[in-house]
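Reader: I have a chain open on my screen and would like to talk it through with you. Could we go piece by piece, with me jumping around a bit?

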Amino acid sequence: MILPSGKLAILDPVKDYTPYARDRDDKSVRQALVPLRNVAQRTGATIVIVRHVNTGQGNAGMRGAGSVPWRNVPRAEDAFAVDPDVIA
């Protein structure tokens with residue numbers, strides 16, 4: 001991964017950049033995220049990882065594709081969704 005001088009990397013979707021991270025396998029997801037964290041700490045970069053949620057009802061945070069560490073290892077998580085009650 002080469003970071004421009006702006007020090008922002010966006011991995012969309014993150015699964016394309018972490019092919020060895022197996023869904024629902026906490027250890028492999030953590031092993032995939034640790035090098036990203038190390039790059040961020042070493043360079044001062046911000047790394048944004050994008051995950052896509054599964055369709056369905058319930059808590060959006062728990063509907064993210066993959067395992068819970070995709071939510072728990074990063075420093076912050078934001079969720080964005082379309083409000084079906086708002087007409088565009």
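Reader: Is Val-48 buried, exposed or partly exposed?
Author: Bearing in mind that this is a predicted model, Val-48 counts as partly exposed because its relative accessible area is 33%, which lies between the cut-offs of 20% for buried and 50% for exposed. Val-48 sits in strand S2, which covers residues 46-49.

Reader: And which residues make a nonpolar surface patch with Val-48?
Author: Leu-8 and Ile-10 join Val-48 in a nonpolar patch on the surface, and the patch has an area of about 240 Å².

Reader: Switching to the helix, then. How does the span of H1 compare with what its 18 residues should give?
Author: The two agree, because at 1.5 Å a residue the 18 residues of H1 should span 26 Å, and the C-alpha atoms at its ends are 26 Å apart.

Reader: Which residues of H1 are buried?
Author: The buried residues of H1 are Ser-28, Val-29, Ala-32, Leu-33, Leu-36 and Val-39. As background to that spacing, an α-helix has 3.6 residues a turn, so residues three or four places apart point the same way.

Reader: What do they pack against?
Author: The buried residues of H1 pack against strands S1 and S2 and also against helix H2, which covers residues 69-72.

Reader: There's a serine in that list; how buried is Ser-28, and what is it in contact with?
Author: Ser-28, which lies in H1, has a relative accessible area of 5%, and is therefore classed as buried. Once its neighbours within four places in sequence are left aside, Ser-28 is in contact with Tyr-20, Ala-21 and Arg-22.

Reader: Ala-21 comes up there; what else is it in contact with?
Author: With the same kind of sequence neighbours left aside, Ala-21 is in contact with Lys-15, Val-29, Ala-32 and Trp-70, in addition to Ser-28. Ala-21 also belongs to the largest nonpolar core.

Reader: Which residues make up that largest nonpolar core, and what gives the most to it?
Author: The core has eight residues, namely Leu-11, Val-14, Ala-21, Val-29, Ala-32, Leu-33, Leu-36 and Trp-70. H1 gives the most to this core, contributing four residues.

Reader: What about Thr-18, buried or exposed?
Author: Thr-18 is buried, because its relative accessible area is 7%, and its place is in the loop that runs between strand S1 and H1. Apart from neighbours within four places in sequence, Thr-18 is in contact with Ala-32, Leu-36 and Trp-70, each of which is listed among the residues of the largest nonpolar core.

Reader: What follows H1?
Author: Gly-44 follows H1, and the phi of Gly-44 is positive, near 75 degrees.

Reader: Now Val-53: where is it, and how accessible?
Author: Val-53 is found in the loop between S2 and H2, and with a relative accessibility of 47% it counts as partly exposed. The C-alpha atom of Val-53 is 9.6 Å from that of Ala-81, although the two residues are 28 residues apart along the chain.

Reader: Zooming out, what pattern does the chain follow?
Author: Read along the sequence, the chain follows β-α-β-α, and its secondary structure comes to two helices and two strands.

Reader: And the overall numbers: what share of residues is buried, and how much surface is accessible?
Author: Of the 88 residues in the chain, 20% count as buried, while the accessible surface comes to about 6800 Å², with 53% of it belonging to carbon and sulfur atoms. Among contacts with a separation of 6 or more, 54% are between residues 24 or more positions apart.

Definitions and conventions. Residues are numbered from 1 along each chain as its sequence is written. This is a predicted model: local features need pLDDT of at least 70, side-chain atom pairs count only at pLDDT 80 or more; totals for chains, interfaces and linings use all residues. Side-chain values use heavy atoms; hydrogens and water are left out. Patches are made of residues with over 30% relative accessible area and no salt bridge: like charges are joined within 9 Å, nonpolar side chains (Val, Leu, Ile, Met, Phe, Trp, Tyr) within 5 Å. Accessible areas come from the Shrake-Rupley method with a 1.4 Å probe; for residues, only the protein chains shown count as cover. A salt bridge is a side-chain nitrogen of Lys or Arg within 4 Å of a carboxyl oxygen of Asp or Glu. Buried means under 20% relative accessible area, exposed over 50%, partly exposed in between (1.4 Å probe, protein chains only). Contact means heavy atoms within 4.5 Å. A nonpolar core is a set of buried Ala, Val, Leu, Ile, Met, Phe, Trp, Tyr and Cys residues joined through side-chain atoms within 4.5 Å. The expected span of a helix is 1.5 Å times one less than its number of residues.
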